[in-house]
Each structure stands twice: as structure tokens, then as C-alpha cells.
Amino acid sequence: MIFLSCGSRDERLGRVKNNQHADKPVIDSEKNIPDSGKSYQIITQSSTENQQQTISKVTFFIENSGSMLGYVKKANDYKNAIVSLSYFPEFDNSKKEFYFVNGKSNTIKESNICLNFIGSDPELLKNNLNQSSFNKYGDPKYSDLTKMFEKALSCAKGNEISILVSDCIYDVGEESDPLTALKIETEKTKKVFRDRLKTENIQTIIIKAESQFEGNYYFASKKGSQSINQKRPYYIIIFGDSKLLNKHITEENISKKISAYLSMARFMKIDNIIIPYQATNQNSKGTFKFDKSNKNKLINAEKDRSGQGFQFSIAIDYSSLPFPDAYYKTKDNYQLSGTYKMLDIYTPTKKIPDVTAFNPTHLITINTSSSPYGNIELTLKYIIPFWITETNSDNESDIIGDTKHTFGFQYLTNAITEAYQYKNKQQNIATFKFEILK
Amino acid sequence: MKDILASIYETMFGLYNQAYDLIFTALYNDGGYLKFVLTWLLIPLVCWLLFYYIWRYPYGRWWHWLLWLVVTFILVFGTTWGVANSEILSSSNQDLIDAIADTESGYEAYAQTLPIKYATINSILAVGITIIYSFIMKQFSKVQTHLPF
């Protein structure tokens with residue numbers, strides 16, 4: 001292990017005051033609708049709107065601070081991923097702008113974040129994904145993640161989206177207590193997100209990918225750097241209107257395009273999401289009648305006479321949500337009230353005749369061996385993916401061989417999560433309500 | 001009102017089957033249950049008005065009354081069967097049409113068993129209402145005051 005005797009991360013990067021101002025061309029209640037035809041009309045209308053929505057412009061921000069140099073030394077997955085993303089089919093008809101971003105915003109030092117326009121042709125970007133270009137533009141000694149978010153978020157408006165590629169390591173400067181400094185810095189990030197979410201329904205997608213990294217890893221929590229040649233994670237963060245990203249950026253299409261793709265997470269406002277649902281007779285045990293005016297009210301309910309309890313299924317249309325199928329099929333992501341237990345979650349292979357107002361994407365079977373009567377609430381929780389907590393590290397000592405962790409990553413994601421939670425009118429994605437009567 | 005009519009068939013006679021809810025919803029929404037009820041109320045009414053006030057034969061016997069009951073029974077049975085067929089198997093409800101057309105749904109086979117069930121229930125109800133009508137009408141009849149007894 002080689003530890004360079006530099007003061008802080010700033011010093012190690014040889015920071016000097018830089019006045020390069022390269023900002024030149026800087027450029028919306030829960031509505032789960034049970035069964036009714038009305039919900040179908042809303043969905044249809046929403047689908048039509050989605051079909052008309054195309055991405056008009058994509059602004060790429062590629063962090064080119066010193067800590068990123070190791071990603072661009074040789075041809076690797078990082079370069080492949082960025083080039084692939086710039087040629088992403090969903091962006092074919094979109095105007096593109098590529099920027100390198102580094103530098104630190106500091107009023108005392110009179111420095112600012114450096115934003116350098118590389119061009120609008122993906123070929124130009126491709127030609128600049130090397131160490132000499134990374135060193136040439138702006139001030140690679142600094143990186144200001146909060147400002148980068150601010151810039152990227154400001155470019156995500158209307159049908160325009162922005163993409164930030166970074167190692168997501170906060171540059172907390174010369175701090176004796178880097179973790180406290182990190183917390184303070186992420187408070188700023190939180191505010192940046194909160195401010196942006198005030199006016200628009202911006203969604204944030206964080207994609208974790210990995211690539212060969214050959215260069216110096218600059219510690220954020222202590223002095224010095226470490227030369228490494230190993231896989232390291234980096235992150236592609238996409239900002240844009242929620243409907244636009246739900247339609248164009250799916251895990252299915254993004255995972256195919258990004259080399260060494262690992263995982264992704266979405267942060268979004270979860271109000272105003274329409275998720276049609278309905279109780280159905282599928283896999284039922286016991287007897288009941290559907291109320292004529294509300295199919296989610298089961299009347300004359302009786303348990304199965306052979307002792308198999310009371311059971312029915314819930315048909316849900318998750319098509320308006322952007323989460324991967326596995327999310328909806330994970331029982332831990334749900335909370336069920338009362339004595340009911342969740343038995344099965346699956347995608348129906350046949351049409352369910354009694355569900356006519358929408359096309360169910362999932363069927364959830366619930367059962368109780370106790371009294372079936374009362375109000376039941378099935379909640380789909382908004383859970384931060386496990387990979388995020390797994391990615392976080394508060395210790396950089398074992399960087400050699402560590403191909404999975406990013407220092408302070410959870411502080412960043414917590415900031416984003418808390419900003420969204422502050423704006424969300426509800427904490428859960430959806431709550432499905434049923435009434436079971438004698 | 002619709003709920004009361006539906007409960008006669010669905011709850012009292014237990015014809016409801018949760019697996020084929022679309023049929024019962026269609027009968028409820030499209031007025032099928034009202035037609036069923038009118039069938040067993042009005043056909044006997046007309047039949048027994050004819051029997052007590054139009055039929056002028058003064059030597060009517062109990063078996064005349066019984067024969068007329070059988071005729072009423074058959075009329076209600078047949079009419080209900082036709083109405084049920086029309087309301088279920090020839091329904092204009094698109095969801096039900098789709099479900100019946102879907103061979104895997106089992107709706108068609110189940111739907112075919114229903115007209116005869118509704119016809120039988122309505123015929124039984126017609127017999128019941130006949131007894132009530134008879135006791136009321138004979139009070140005001142000039143000829144058949146002694147029938148059924």
C-alpha cells in the first residue's frame with residue numbers, strides 16, 4: 001500500500017485556487033383506483049400522454065476530477081458504458097450536450113465549479129474519454145458533488161433530462177472528522193434536491209456499474225492516496241421528469257446497454273400514482289360475494305368448510321410504475337394488516353374474466369385461518385434497494401481489492417431519500433384496501 | 001331495489017357463484033333480475049285474472065284450477081328460460097360476451113346451466129304467488145268463488 005503524505009484530499013490533489021468559471025453554456029395523493037371503468041379511462045389517457053412524450057434533450061455531465069482518472073486510462077467498461085449511453089436508442093432523436101465537470105464552488109476561495117462543454121457529438125465525447133483530456137478541462141483537483149447535482153438537476157426540465165457520471169465520493173476537504181463533514185455536505189445536497197422537487201416531478205435514477213480502475217484512489221477520510229489497478233464502482237445518475245424516465249429508462253433496456261451494469265435505484269415522488277386493483281376469485285377458498293358497487297368489498301364471506309381458511313387474490317396493474325418485476329414479487333416489500341398472510345405473488349398467464357377495468361400485471365393471493373372479517377390493507381412499501389446499504393463504506397483502509405464499496409455512499413442516498421420523503425405525501429407506493437363482511 | 005331483487009336469487013336461492021361474478025353483475029346492472037321478478041309476478045297475474053274474471057264456466061272443479069296452475073307454471077318456466085338465455089347467453093354486456101367466448105374461462109358451460117335454474121325458481125315462485133292471487137281474486141270473482149276450495 002502506498003500512502004502519499006499529502007494533507008487532505010484537497011492537498012493530495014494539489015489544489016490551488018482556480019477561478020475558471022466554465023459555466024458558459026450552462027445551460028407534482030394517493031389514487032389507487034379499485035376496479036371501476038373510470039380508472040381505466042384515466043390509465044388510457046395517461047398512456048396516450050406517455051406515448052407523446054419523447055426526450056428532447058440529454059445533457060451529460062462527466063466528472064473529470066483527479067479521482068476519476070483511473071477510469072479512463074485504458075479501454076474499459078467505463079468508457080464503453082458512457083459511449084453506449086451516448087448512443088442509447090431512446091436518445092436517437094434528442095439533442096445532446098456533453099460536459100466535463102470538476103472544480104469546487106467556494107466563495108472564500110472565489111473558486112467555482114468548472115463546466116466545460118465538450119460538444120454535442122458522441123464521437124467527440126468518445127475521443128475525450130482519456131486522461132489528458134480529463135486533466136486538460138477545468139480543475140481536476142477538486143470535485144463538488146453537491147454543485148454537480150445542482151447543475152444536473154437544473155438541466156432536467158420539461159422533456160429534457162440530464163445524466164451525471166461520477167464516483168460519488170464526496171470531497172469534504174481538509175476535515176479532521178470527515179464523516180461529520182460528510183453529513184454536513186449531504187445536508188446541502190438534500191436542500192438542492194428539495195428545492196428542485198418543489199416545482200417539478202423530477203425522478204432520480206442511480207445506476208451502479210463497475211469498471212477497471214487504474215490509477216490513484218484519493219482517500220476522502222484520511223490523508224494520502226493509493227495506487228490501485230482493480231475493478232471499482234462508479235455511478236450514472238439520471239435526472240428527469242418522472243413519466244419520461246418511467247417510459248424511456250427501464251432496467252431492462254439500461255442493463256443491456258451499460259457494460260458491467262450492477263444495479264439501479266429510483267427515487268421519485270410517489271404521490272399521484274394510479275395503480276388499479278381489484279379483489280378476484282382466483283385461488284379462492286371459502287365463499288363470498290362481490291359487492292355490486294365495490295368489487296373490493298366482499299360480503300357474505302365464509303371460511304372454507306374443510307378448514308382451509310378464507311382466501312382470495314388481488315389483481316393489480318403495476319404497469320404505471322417503473323420498478324423491476326422482482327420488486328413487486330418480493331413479499332418483504334409488502335405489509336399486510338390483520339391476520340392475513342401473503343401466499344403467492346405471480347404474473348397471471350391467462351386473462352382473469354372478472355377483472356375488466358384493467359389488465360392485471362400481478363396477482364397476489366392472501367389467506368387467513370382466523371376470522372376473515374374486517375378491513376384489510378395491503379401496502380407496497382417504498383424500500384431502498386439493499387445494494388445501496390451494501391455499497392456504503394465508512395472505512396477506506398481496505399481499498400485494495402475492494403471492488404464493491406464507495407466511501408460515504410449511504411450519506412448521499414440518504415440525502416436523496418430524505419429529500420424525496422419530505423416531498424412525498426405518502427410514504428408507501430400504494431395501499432390496497434378491502435372490506436370483508438359477514 | 002336492485003339489491004333486494006338480486007338477493008332473492010343470489011342469497012335466498014343461493015344461485016350466486018363467486019367464480020362467475022360477471023354473469024351476476026350483468027344481471028344486476030342490465031335489469032335481468034327485474035325481468036325475472038316481473039315474469040313470475042305478471043304472468044300468473046294475467047293467467048289468474050283470466051281464470052277468475054274472464055272464464056265464465058260455472059261448473060269449474062278443483063282440477064280446472066290445478067290445470068290452470070300447470071299452464072301458469074309452464075308459461076313462467078318457458079318465459080324465464082327465454083329471458084335468462086337472452087340476458088346471459090345473448091347478453092349485450094361486452095365483458096360477459098368476452099368471458100363466454102373465452103373457452104378457458106369456463107363461463108360458457110356454467111352460463112348454460114343457469115336458464116333452467118332461474119326457470120325452475122321462477123316457476124316455484126309463480127306457484128306461490130298463484131295461491132296468494134287465488135285467495136284474493138276469488139273474493140271478487142262472480143263465477144269462480146269456490147276455487148280452488
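Let me start with the open sheet in chain A of this predicted model, which has 4 strands in the order β8-β11-β14-β13, paired antiparallel. At its edges lie β8, residues 277-285, and β13, residues 341-346, each of which pairs on one side only. If you compare neighbouring strands of this sheet, they are turned by 25° against each other on average, with direction ignored.

Staying with the edge strand β8(A), its antiparallel partner is β11(A), residues 310-316, and 5 bridges join the two. One residue pair to look for on the screen is Gln278(A) and Ala315(A), the latter being the bridge partner in β11(A).

Strand β8 also takes us to the other chain, since β8 and β9, residues 287-290, each supply at least two residues of the side of chain A that touches chain B. In that contact, 13 residues of chain A meet 16 residues of chain B, and the largest share of the chain A side, 4 residues, comes from β9(A). What is the make-up of that side by class? It has 3 nonpolar, 5 polar and 5 charged residues.

Now please turn to chain B, where the axes of helix α4, residues 62-89, and helix α6, residues 107-140, come within 8 Å and cross at roughly 145°. This crossing of α4(B) and α6(B) is right-handed. Among the residues making the contact are Phe73(B), Phe77(B) and Trp81(B) from α4(B), and Leu114(B), Tyr118(B) and Asn122(B) from α6(B). By class, the contact of α4(B) with α6(B) has 16 nonpolar and 6 polar residues, and no charged ones.

Key. Residues numbered from 1 in each chain as written. Chains lettered and ligands numbered in written order. Predicted model: local features only at pLDDT ≥ 70, side-chain atom pairs only at ≥ 80, totals over all residues. Pairing = 2+ DSSP bridges. Axes fitted to C-alpha atoms, helices over the stretch in contact; angles between N-to-C directions. Left-handed = near helix turned anticlockwise from the far one by under 90°. Contact = placed C-beta atoms within 7 Å. Nonpolar A, V, L, I, M, F, W, Y, C, P; charged D, E, K, R; others polar.
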